[in-house]
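Got the viewer open? Here's a walk through the model, one selection at a time.

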Amino acid sequence: MNTFKVIALTLFLGLMTAAFVADINVTLDCEATVDSLGACQGVSKIGNRFFLYGDREVGVIREFKLQGDSLAYINKEYKLTQNGQDVIGHPTGIAYNGKGPVFMGNSIRLNKEGTSWKAVIYNINWQGLLKTGTLDGNLINTIEDDACIQGTRPEYVKYKGKWYVATADYGNKGNEVRLYDPEKLAACKKTSEPGVLYKRFSCSPWVQNLHWVANKGVLILVQNQIEGRKWRFTYVDLQKSVDSGTMQVIKQIDLNNRADELEGFTFIDSNRGIAVTSSRKNNVNYTSTNW
């Protein structure tokens with residue numbers, strides 16, 4: 001390829017990227033209330049089902065299907081307990097890709113003031129959990145996420161053709177996204193063990209959850225604008241962020257018409273999505289994304 005063609009291709013790709021950035025837009029279409037979750041902490045789409053999880057009297061997951069344009073509860077509930085005792089009391093993410101180990105995150109409060117937390121990742125038998133309804137016999141490994149700065153929220157991503165488990169911090173300084181090797185993560189006791197942490201990059205504060213958009217190579221940081229309040233979606237180029245060591249923002253979108261605590265997000269299809277909050281009312285929100 002001659003120099004002229006290289007320059008032309010570079011300019012074309014640059015224009016396409018600029019158009020992609022300019023065209024991303026998120027709108028809130030309607031709101032609904034889902035009960036019996038406590039404070040909803042996130043949502044994951046696995047197959048054709050949607051799993052909402054929260055911190056009721058114990059950590060709990062409820063399973064839904066899409067009926068028309070809204071979620072319908074199918075009377076399946078999973079308690080994150082073992083021997084009747086709460087284990088994952090504050091679930092903060094489900095990492096599932098249909099191939100590798102399944103992980104769930106948890107934040108454990110260490111003091112009454114809520115200023116000190118311990119982050120834990122669990123390797124679980126997902127199919128066993130769905131079958132029995134509890135973690136009894138389905139908790140494979142418990143991993144202290146001591147490589148984190150503040151909190152953990154696992155999500156599978158693909159970087160240069162290989163799967164990793166990404167997670168991020170919730171705090172106001174030193175925040176970063178980390179990529180863990182899933183096989184090593186599954187068997188370790190602490191994420192600080194050699195070989196578990198693959199790469200990391202710095203990011204902005206108050207990340208509540210992560211959502212990977214595989215066909216676009218985009219990682220969405222599901223965030224608050226300030227601690228515990230107001231909605232923010234930050235679209236980052238995963239490969240460029242990992243390569244540079246700091247997040248490479250495609251677009252940041254703030255929805256200022258909602259002042260509550262955005263906790264999680266997943267796409268229904270290429271454009272429609274579900275955003276969940278910790279509020280007792282209007283905690284399930286249907287969105288449209290143009291990009």
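## Stop one: Ile124

Select Ile124 and show what surrounds it: leaving out anything within four places in sequence, Ile124 is in contact with Val102, Met104, Leu129, Leu135, Asn138, Leu139 and Ile140. Ile124 belongs to strand E10, which runs over residues 117-124. Ile124 counts as buried because its relative accessibility is 3%. Now put a distance label between the C-alpha atoms of Ile124 and Leu139: you should read 4.8 Å in space, for two residues that are 15 apart in sequence.

## Colour by confidence

Before going further, keep in mind that this is a predicted model. Switch to pLDDT colouring: the protein averages 92, and 90% of the residues score at least 70. Then pick out residues 6-19, where the pLDDT is below 50. Beyond near neighbours in sequence, this stretch has 2 contacts in the model. Where pLDDT is low, the predicted coordinates shouldn't be read in detail, so leave that part and move on.

## The aromatic cluster

Time for rings. There are 14 aromatic pairs by the rule used here. Zoom in on Trp231 and Phe233, an edge-to-face pair with 6.4 Å centre to centre and 80° between the planes. Are these two buried or exposed? Trp231 is buried, because its relative accessibility is 0%, and Phe233 is buried too, because its value is 1%.

Next, select Phe265 and Phe267. This aromatic pair is edge-to-face as well, with the centres 4.9 Å apart and 80° between the planes. Both Phe265 and Phe267 are buried. To see the wider group, add Tyr235 and Trp291 to the selection: Trp231, Phe233, Tyr235, Phe265, Phe267 and Trp291 form one aromatic cluster.

## Two lysines over rings

Keep the ring display on and jump to Tyr164. The charged end of Lys162 sits over the ring of Tyr164, at 5.3 Å from the ring centre. Then go to Tyr198, where Lys199 lies over the face of the ring, 5.7 Å from its centre.

## The largest pocket

Turn on a surface or run your pocket finder. Rolling a probe the size of a water molecule over the atoms shows where empty space is left. The largest pocket holds about 630 Å³ of space. Which residues come closest to its centre? Select Lys45, Glu155, His211, Trp212 and Thr266: of the 29 residues that line the largest pocket, these are the closest to its centre.

Now colour the strands that feed the lining. Strand E2 (40-46), strand E12 (155-159), strand E16 (207-213) and strand E20 (262-267) each supply at least two lining residues. Which one gives the most? That's E16, with 5 residues in the lining of the largest pocket.

## Backbone oddities

Swap to a backbone view and check phi. Most residues other than glycine have a negative phi, so positive values deserve a look.

Start with Asn83, where phi is near 55°, a positive value in a residue other than glycine. Asn83 sits in the loop between strand E6 (81-82) and strand E7 (85-86). Asn83 counts as exposed because its relative accessible area is 65%.

Then try Lys230, which isn't a glycine either and has a positive phi of about 70°. Lys230 is placed in strand E18, residues 229-237. With a relative accessible area of 27%, Lys230 counts as partly exposed: the value falls between the 20% below which a residue is buried and the 50% above which it is exposed.

## Last stops: Ser241 and Glu31

Select Ser241, found in helix H4 (residues 238-244). Ser241 is buried because its relative accessible area is 0%. Setting aside residues up to four places away in sequence, Ser241 touches Phe201, Val236, Thr246, Met247 and Gln248.

Finish at Glu31, which lies in strand E1, residues 25-32. Is Glu31 buried or partly exposed? Glu31 is partly exposed, because its relative accessibility is 40%. Its contacts, again without residues up to four places away in sequence, are Arg258, Asn282, Val284 and Asn285. For one last distance label, pair Glu31 with Thr234: these are 203 residues apart along the chain, and their C-alpha atoms are separated by 21 Å.

Key:
Residues numbered from 1 in each chain as written. Predicted model: local features only at pLDDT ≥ 70, side-chain atom pairs only at ≥ 80, totals over all residues. Heavy atoms only, no water. Phe/Tyr/Trp six-rings, centres within 6.5 Å; stacked < 30°, edge-to-face > 60°. Buried < 20%, exposed > 50% of the residue type's maximum accessible area, 1.4 Å probe, protein only. Lys NZ or Arg CZ within 6 Å of the ring centre and 35° of its normal. pLDDT = per-residue confidence, 0-100. Contact = heavy atoms within 4.5 Å. 1 Å grid on protein atoms, 1.4 Å probe; cavity = no way out; pocket = protein on both sides within 12 Å on 5 of 7 lines; lining within 4 Å. Points joined across faces, edges and corners; volume = space filled by probe spheres on them. Helix = DSSP H or I, 4+ residues; strand = E, 2+ residues; numbered from the N terminus.
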